[in-house]
Amino acid sequence: MNIERKNIDEVNLTLTMQVEKADYMEAVDKALKAYRKNANIPGFRQGCVPMGLIKKQYGKAVEAEELNKKVGEALYAYIKDNNLQVLGDPLPSETEKSEIDLDSDKPVTLVFDVALAPAFEIELNGRNQLTQYEIQIDDKMMEDAIKQYTNRFGSYSTAEVAEENDLVKGIVEELENGAVKEGGIKNEAAILSPKYVSEEAKKVFVGAKKGAVVVFNPKQAMDNEAAAFLKIDKANLADADKDFQFTINEIQRYNEAALDQDLFDKAFGKDVVKSEDEFKAKLKEELTASLVIDSDYKLLADTRATVLKKMEDLKFPEAFLKRWLKSTHKENLSDEALDKQFPGMIEGLKWQLAKEQIVKKNDIKINDDDMINFGKKVARAQFAQYGMMSVPEDVAERYAKDMLKDKEAVKNMFDRVLEEKVLDVVKGAVKLNKKEISLDEFNKLVEGEAK
């Protein structure tokens, strides 16, 4: 087999392959023997079908299949051996004709278009300046964080008079001419909160006592949510645009937890913190860790912008890439959608190439421990959303290992770990200007850049 390279420009080339019959016919014969061994053809015992008949029925298809395999193996071996940084996959040439005649003994000639990544060098050093934002924890953030915990670990108690944030439970019944309609709509397990009904209905419930019977129009008070409240189909809601009576059987009130040892233990584990001061210190530690993640995310975005600025003059094989993208998204990518999305795709490709270069230059490796540790961090963050702040090490590790059984999760985690390591390299290479900033200012900065 012979492969010839022809450079079109810096980022486009063609590879012309000449494949002799001898290059793949041994594999064809082997495949046909396997077909013969397993073929079930009427009139012949399995394994005893004449080879001539097998070749007649399957020969050309098998030859084409084995030729494709041989070409694919040789093509990618050539790319690897010659250290070509290709973009996408090789495509049949649009300008030079391939010659394929399986009925003759002539060599098969195949011509492929190949796209290359442009040559570039990313230098990140002290001449590059980036800002590392240090988000300050103010009194309001602490108050909000404490309130989250007191709300999360609060409890319900019964009340005699309804307030706006209470849950009111009872029986709701359809009225007709001021009386309960016989056979009308009825829900014996109705529940609502005055906070989430119209202002008119809110006035009916706030101040109502347990055992009281109040009248209101659920459709007007709750709009489409009234269907679930009345336990009827939404299609029938228009017919329920009328007055109902609500017999209040129970009023439940949510009470925030007190800042005591019981709350501390529920939040962080038994005796991890033993005073209000220790509790606040632990909260500040949590907030700081969370804000560092936000700050690092912004730093990574700024790094990306800096790198892309250095790469803005690079020439990419855009025509090839559009053709390749169309070939891989035949049903889902219109020309209009491709033209709209393509600039963003090129930016993403530049960043991916830059990261690969940083990884190679700095010999960045990701091992099993990196993946497990990141998985544990994800696990703790997810448990924290449900108020479980002190997750045992074995539980977090088991959760992380379960995540690593999911191929898609592994890919996402690998990318996240890689970006963390790239950011560590950036932090050690560029000049970081530390800047204190409030959370509101930081959020406005990020939101402004996102527009």
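Is Lys 186 buried, partly exposed or exposed? I looked up its relative accessible area and found 47%, so Lys 186 is partly exposed. I note at the start that the model is predicted.

**Entry: Lys 186 and its partner**

I next searched for a salt bridge at this lysine. Lys 186 pairs with Glu 188, and their closest N and O atoms lie 3.4 Å apart. I then checked the cover on the acid. Glu 188 has a relative accessibility of 56% and therefore counts as exposed, because the exposed class begins over 50%.

**Entry: salt bridges in the whole structure**

I took the total next. The count of salt bridges in the structure is 41. I picked out one that joins Glu 96 to Lys 6, with 3.6 Å between the closest N and O atoms. I asked where the two residues sit along the chain. Lys 6 belongs to strand 1 (residues 2-7), while Glu 96 is in the loop between strand 3 (86-92) and strand 4 (108-116). I logged this pair as a link between distant parts of the chain, since its members are 90 residues apart.

I looked up accessibility for both ends. Glu 96 comes out at 28% and counts as partly exposed. Lys 6 has a relative accessible area of 48%, so I entered Lys 6 as partly exposed too.

**Entry: a pair inside one helix**

I turned to helix 13 (residues 407-429), which holds both Asp 415 and Lys 411. Their side chains form a salt bridge, at 3.5 Å from N to O. Why are Asp 415 and Lys 411 separated by about one helical turn? I found that they are four residues apart in the helix, which accounts for that spacing. I also recorded that Asp 415 is partly exposed, because its relative accessible area is 35%.

**Entry: a network**

I checked for salt bridges that join up. I found a network that links Lys 21, Lys 60, Glu 63 and Asp 103.

**Entry: negative charge on the surface**

Last, I looked for acidic residues that gather on the surface. A patch of negative charge there consists of Asp 138, Asp 139, Glu 143, Asp 440 and Glu 441. I asked which elements give two or more residues to the patch, and these are helix 3 (139-152) and helix 14 (439-450). I followed up one member, Asp 139, and placed this residue in helix 3. Its relative accessibility is 63%, so I marked Asp 139 as exposed. As salt-bridged residues are left out of patches, I did not look for a salt-bridge partner for Asp 139.

Definitions and conventions:
Residues are numbered from 1 along each chain as its sequence is written. This is a predicted model: local features need pLDDT of at least 70, side-chain atom pairs count only at pLDDT 80 or more; totals for chains, interfaces and linings use all residues. Side-chain values use heavy atoms; hydrogens and water are left out. Patches are made of residues with over 30% relative accessible area and no salt bridge: like charges are joined within 9 Å, nonpolar side chains (Val, Leu, Ile, Met, Phe, Trp, Tyr) within 5 Å. Accessible areas come from the Shrake-Rupley method with a 1.4 Å probe; for residues, only the protein chains shown count as cover. A salt bridge is a side-chain nitrogen of Lys or Arg within 4 Å of a carboxyl oxygen of Asp or Glu. Lys and Arg count as positive and Asp and Glu as negative; His and the chain ends are not counted. The place of a charge is taken as NZ of Lys, CZ of Arg, CG of Asp or CD of Glu. Buried means under 20% relative accessible area, exposed over 50%, partly exposed in between (1.4 Å probe, protein chains only).
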